[in-house]
Amino acid sequence: MATKDFKVEDPMIDPLTGEFRVLGPGQTFKSVTSKIADIVLTPKTSLGFFTLFAVAGSLAMLLLTAVTWLFLKGTGIWAVTQPVAWGFAIINFVWWIGIGHAGTLISAILLLFKQGWRNSINRFAEAMTIFAVVCAGMFPLIHVGGRGLGTGSSHCRTR
């Protein structure tokens with residue numbers, strides 16, 4: 001008996017088409033769909049989810065209130081009267097600019113070396129760059145000087 005005559009039946013190959021089967025034995029498209037959909041479409045939502053959602057919503061509202069108060073009253077509400085204390089805000093601004101440059105650098109290096117596997121990393125690096133530029137752009141908007149609508153600081157007074 002020659003080796004050509006001996007056929008090994010693989011259960012993952014369809015004998016009619018000769019292609020690999022997508023579904024395992026005993027599975028149908030309906031059973032696979034219901035198994036996957038049951039994970040997502042469960043009608044029960046735990047109490048912990050709603051608790052964490054309420055905490056996160058409260059923190060978001062606190063942030064919104066603080067930023068609104070800042071825009072209405074100005075940076076004088078921080079009572080930062082020493083010029084040296086502004087170094088932290090400047091360092092944060094430069095940090096986000098640097099993160100944006102890092103994402104661009106990663107993307108450029110992978111492009112220059114023509115890496116075939118670079119697509120997912122490029123998407124991540126470019127998203128990181130956009131996020132960092134948005135964060136850096138918020139710093140000048142929030143940290144502009146001035147007294148706002150009525151708060152003054154003691155170092156701006158004339159004698």
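These are my notebook entries on a predicted model of one protein chain.

**Entry 1: the overall fold.** I began with the secondary structure. The protein chain has four helices and zero strands, so in sequence order I wrote down the pattern α-α-α-α. Next I looked up burial. Of the 159 residues in the protein chain, 11% are buried.

**Entry 2: α3 against α4.** How do α3 and α4 pack? I recalled that two packed helices are described by the angle between their axes and the distance between the axes. Helix α3 covers residues 87-112 and helix α4 covers residues 119-142. Their axes lie 8 Å apart, at an angle of about 160°. Angles over 145 degrees count as roughly antiparallel, so α3 is roughly antiparallel to α4. I also noted the handedness: the crossing of α3 and α4 is left-handed.

**Entry 3: the loop between them.** Then I went to Lys114, which sits in the loop between α3 and α4. Its phi caught my eye. Most residues other than glycine have a negative phi. Lys114 is not a glycine, yet its phi is positive, at about 50°. Is Lys114 buried or exposed? Its relative accessibility is 70%, so Lys114 counts as exposed.

**Entry 4: Trp95.** I was curious about this tryptophan, so I placed it first: Trp95 belongs to helix α3. Buried or exposed? The cut-off for exposed is over 50%, and Trp95 has 52% relative accessibility, so I entered Trp95 as exposed. I also checked a pair that includes Trp95. Trp95 and Cys135 are separated by 40 residues in sequence, while their C-alpha atoms are 9.9 Å apart in space.

**Entry 5: a nonpolar patch.** My last stop was the surface. Which residues make the nonpolar surface patch of about 500 Å²? I listed Leu47, Phe49, Phe50 and Phe53. I picked Phe49 for a closer look. Phe49 lies in helix α2, which runs over residues 47-73. The relative accessible area of Phe49 is 45%. That value falls between the limits of 20% for buried and 50% for exposed, so Phe49 is partly exposed. Patch members need over 30% relative accessible area, and I was glad to see the 45% of Phe49 written next to that cut-off.

Methods:
Residues are numbered from 1 along each chain as its sequence is written. This is a predicted model: local features need pLDDT of at least 70, side-chain atom pairs count only at pLDDT 80 or more; totals for chains, interfaces and linings use all residues. Side-chain values use heavy atoms; hydrogens and water are left out. Patches are made of residues with over 30% relative accessible area and no salt bridge: like charges are joined within 9 Å, nonpolar side chains (Val, Leu, Ile, Met, Phe, Trp, Tyr) within 5 Å. Accessible areas come from the Shrake-Rupley method with a 1.4 Å probe; for residues, only the protein chains shown count as cover. A salt bridge is a side-chain nitrogen of Lys or Arg within 4 Å of a carboxyl oxygen of Asp or Glu. Helices (H or I, at least four residues) and strands (E, at least two) are DSSP runs, numbered from the N terminus. Buried means under 20% relative accessible area, exposed over 50%, partly exposed in between (1.4 Å probe, protein chains only). Axes are lines fitted to C-alpha atoms, for helices over the stretch in contact, and angles run from 0 to 180 degrees between N-to-C directions. Angles under 35 degrees count as roughly parallel, over 145 as roughly antiparallel, 65 to 115 as roughly perpendicular and the rest as oblique. A crossing is left-handed if the near helix is turned anticlockwise from the far one by less than a right angle, and right-handed if clockwise.
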